[in-house]
Amino acid sequence: MTAPTDEATADLITLPGTPLADAVVNLIRPVETPSVFNHSIRSYLFARLVAGRLGLAAGHDYHDDLLFAACAMHDLGVASDGPHNQRFEVEGADRAASFLTDRGVPAADADQVWQAIALHTSPGIAERRGTLCVLVREGVTADFGGPLHTHHVDAVTDAQADALHAAYPRLDMGRSLTDAIVAQAAKDPKNAPRYTVPGELLRERETFGRTRLEHSCHSSRWGN
């Protein structure tokens, strides 16, 4: 397989670089583990690749700043400085929407980001709530390398994946992210309803010591 050129690699890993995107990075970097932070950024980079496969163009079919904001903040609900009093998807969505409106993002756009984050663990629902929800869901699941049943992970070449992982290493992402979700879920029963992702991860950890998600990550296309 032909390796990407330096220019192509730079395009693959380039972030928006706008004031809003920079503010998002400055928000999440200090309050997420390096592993969760890298996962959040890779989710955006994978989402852009999925958008290209679907024939979707930034500025026409979706707003790149909103895609970056939603992907980068999709795990803000497990941030170390959060209130931790709702399931992590909703807590992260609330924080992200508030952050955006405080910076002058129109309420309708902030609500799109809210939906994309709140629904990113809801297959079959996120896909029906518009382009942003689809791309965020697919970007996040693509970063798991297969176990979450993404439809587009095979569209990512090994060379593209290697470039993304070189820039933003995985750092045992499956375990690190599960640790963060389980810790947040254990703080309040409201954070871990039955049959939700946080609820089931917490119960699997308590019962078996290791979750099915962690096991699947180890055997996924990207490894852990």
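E204 counts as buried in this predicted model, with a relative accessibility of 8%, and its partner in a salt bridge is R212, the closest N and O atoms of the two residues being 2.7 Å apart. R212, by contrast, is exposed, with a relative accessible area of 60%, so this salt bridge joins a buried residue to an exposed one.

A similar description applies to D188 and K190, which form a salt bridge whose closest N and O atoms are 3.0 Å apart. D188 counts as buried, at 18% relative accessibility, because the limit for that class is under 20%, while K190, at 53% relative accessibility, counts as exposed.

The side chains of D143 and R170 also meet in a salt bridge, with an N to O distance of 3.2 Å. Here D143 lies in the loop between α7 (131-142) and α8 (158-167), and R170 lies in the loop between α8 and α9 (173-185), so the pair ties together parts of the chain that are 27 residues apart in sequence. Both D143 and R170 are buried.

The three pairs described so far are set out below.

| Salt bridge | N to O distance |
|---|---|
| R212 and E204 | 2.7 Å |
| D188 and K190 | 3.0 Å |
| D143 and R170 | 3.2 Å |

Side chains of opposite charge can pair when their charged atoms come close. In this model the count of salt bridges comes to 13. Besides the pairs in the table, there is a network of salt bridges that links D172, R175, D179, R205 and E214.

The cysteines give another result, for the count of disulfides comes to zero. Why does C71 not form such a bond with C133? The cysteine sulfur closest to that of C71 is the one in C133, and the two sulfurs are 11 Å apart, which is too far for a bond, because a disulfide requires a pair of cysteine sulfur atoms within 2.5 Å. The same reasoning holds for C217, whose sulfur has its closest cysteine sulfur in C71, at a distance of 17 Å, and is therefore too far away for a bond.

Are C71 and C217 buried or exposed? C71 counts as buried, with 0% relative accessibility, and C217 is likewise buried, with a relative accessible area of 1%.

Conventions:
Residues numbered from 1 in each chain as written. Predicted model: local features only at pLDDT ≥ 70, side-chain atom pairs only at ≥ 80, totals over all residues. Heavy atoms only, no water. Buried < 20%, exposed > 50% of the residue type's maximum accessible area, 1.4 Å probe, protein only. Salt bridge = Lys/Arg side-chain N within 4 Å of Asp/Glu carboxyl O. Helix = DSSP H or I, 4+ residues; strand = E, 2+ residues; numbered from the N terminus.
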